[in-house]
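Hi there,

Here is the structure I promised to pass on to you. Have a look at it first, and then read on for what turned up in it.

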Amino acid sequence: MGFDDADPGTVRPGGRTARVRAAVLRAAGDALAERGFAHLDLADVARRAGVGKTTVYRRWGTVTGLVADLLVDMAEQSLPRTETGSLLGDLRANARLVWRTLTDPRQGALFKAVIAAATCDAKTAEALHRFYDVRVREWAPCVQQAVDRGEVPAGTDPYEVIRAVSAPLYYRLLTSGERLDEAAADRSAEAAAAAARAGVYLRDR
């Protein structure tokens, strides 16, 4: 069964559907990084991916549908969390992963474009929220492990701790324009770890 015959949403790993999806999403990411959401066009994406326009319109339907699937793919392809044996080590690994992603020429531009689109498009915003929910859930267990080791108080909210790590890095990327480097990533991790140890992120505060 070829791509055009597949049920909506069906992706057969290793099959033509998967290959076409990968090519189209790669092309969509390139177009977003180069031109931004406002200039994203399904026909242009099809041309870049080397597939027929009908295939793209049938599978994704709209630009927002394509961006939503791109975010799903980005979440699936993201690196798994690192376990170092300490909260600070784990948060530093998370911060450095975010830093590397946001400073990558393609990925940084891609995130800027998607975040900008999310401010004015509800479906893109929903997809972006799902993406970050997946990533926060991936890393949250390291905080619970720190609770179990006695590094931070019981009742610490793992999700708030993980969000606190990346928030300053996104602020630099999108708002202040300050240098985003490894030192900034490490400071963000250290601040989040110190706050967690001090009980700032207790659920019942």
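In what order do the elements of the chain run from the N terminus on? They go α-α-α-α-α-α-α-α-α-α. In other words, the chain has ten helices and zero strands. Please keep in mind that this is a predicted model.

**The chain as a whole**

Let's begin with the overall picture. The C-alpha trace spans about 55 × 35 × 30 Å along its principal axes. The chain has 205 residues, and 47% of them are buried. About 10400 Å² of the chain is exposed, and 51% of that area comes from carbon and sulfur atoms.

How are the contacts spread along the sequence? Take the contacts between residues at least 6 apart in sequence: 64% of these join residues at least 24 apart.

The charges are worth a glance too. The chain carries 29 positive and 27 negative charges, and the mean positions of the two sets are 3 Å apart.

**Two helices that cross**

Now find helix α6, residues 105-118, and helix α9, residues 158-176. Two packed helices are described by the angle between their axes and the distance between the axes. For α6 and α9, the axes come within 11 Å and cross at roughly 80°. Because angles of 65 to 115 degrees count as roughly perpendicular, α6 is roughly perpendicular to α9. On the α6 side, the contact is made by F111, K112 and I115, and on the α9 side by Y170, L173 and L174.

**Four residues to visit**

Start with M74, which you will find in helix α4, residues 63-77. Is M74 buried or exposed? Its relative accessibility is 11%, so M74 counts as buried, the cut-off for buried being under 20%. Setting aside residues up to four places away in sequence, M74 touches L110, F111 and F131. F111 is also one of the α6 residues in the contact with α9. As for distances, M74 and D148 are 74 residues apart in sequence, and their C-alpha atoms are 31 Å apart in space.

Next comes V143 in helix α8, which covers residues 141-149. V143 has 0% relative accessibility and therefore counts as buried. Which residues is V143 in contact with, leaving aside its neighbours within four places in sequence? They are L87, V152, T156, P158, V161 and I162. V143 and R21 are 122 residues apart in sequence, with 35 Å between their C-alpha atoms.

T17 sits in helix α1, residues 16-35. With a relative accessible area of 1%, T17 is buried. From T17 to R59 it is 42 residues in sequence, and the distance in space is 10.0 Å, C-alpha to C-alpha.

Last on the tour is T103, in helix α5, residues 87-103. How does T103 count, at 36% relative accessibility? T103 counts as partly exposed, because its value falls between the cut-offs of 20% and 50%. T103 and D157 are 54 residues apart along the chain, and their C-alpha atoms are separated by 28 Å.

If you want a place to begin on your own, try colouring M74, V143, T17 and T103 in the viewer and finding each one in its helix.

Happy exploring, and write back with any questions!

Best wishes

Technical notes: Residues are numbered from 1 along each chain as its sequence is written. This is a predicted model: local features need pLDDT of at least 70, side-chain atom pairs count only at pLDDT 80 or more; totals for chains, interfaces and linings use all residues. Side-chain values use heavy atoms; hydrogens and water are left out. Helices (H or I, at least four residues) and strands (E, at least two) are DSSP runs, numbered from the N terminus. Buried means under 20% relative accessible area, exposed over 50%, partly exposed in between (1.4 Å probe, protein chains only). Contact means heavy atoms within 4.5 Å. Accessible areas come from the Shrake-Rupley method with a 1.4 Å probe; for residues, only the protein chains shown count as cover. Lys and Arg count as positive and Asp and Glu as negative; His and the chain ends are not counted. The place of a charge is taken as NZ of Lys, CZ of Arg, CG of Asp or CD of Glu. Axes are lines fitted to C-alpha atoms, for helices over the stretch in contact, and angles run from 0 to 180 degrees between N-to-C directions. Angles under 35 degrees count as roughly parallel, over 145 as roughly antiparallel, 65 to 115 as roughly perpendicular and the rest as oblique.
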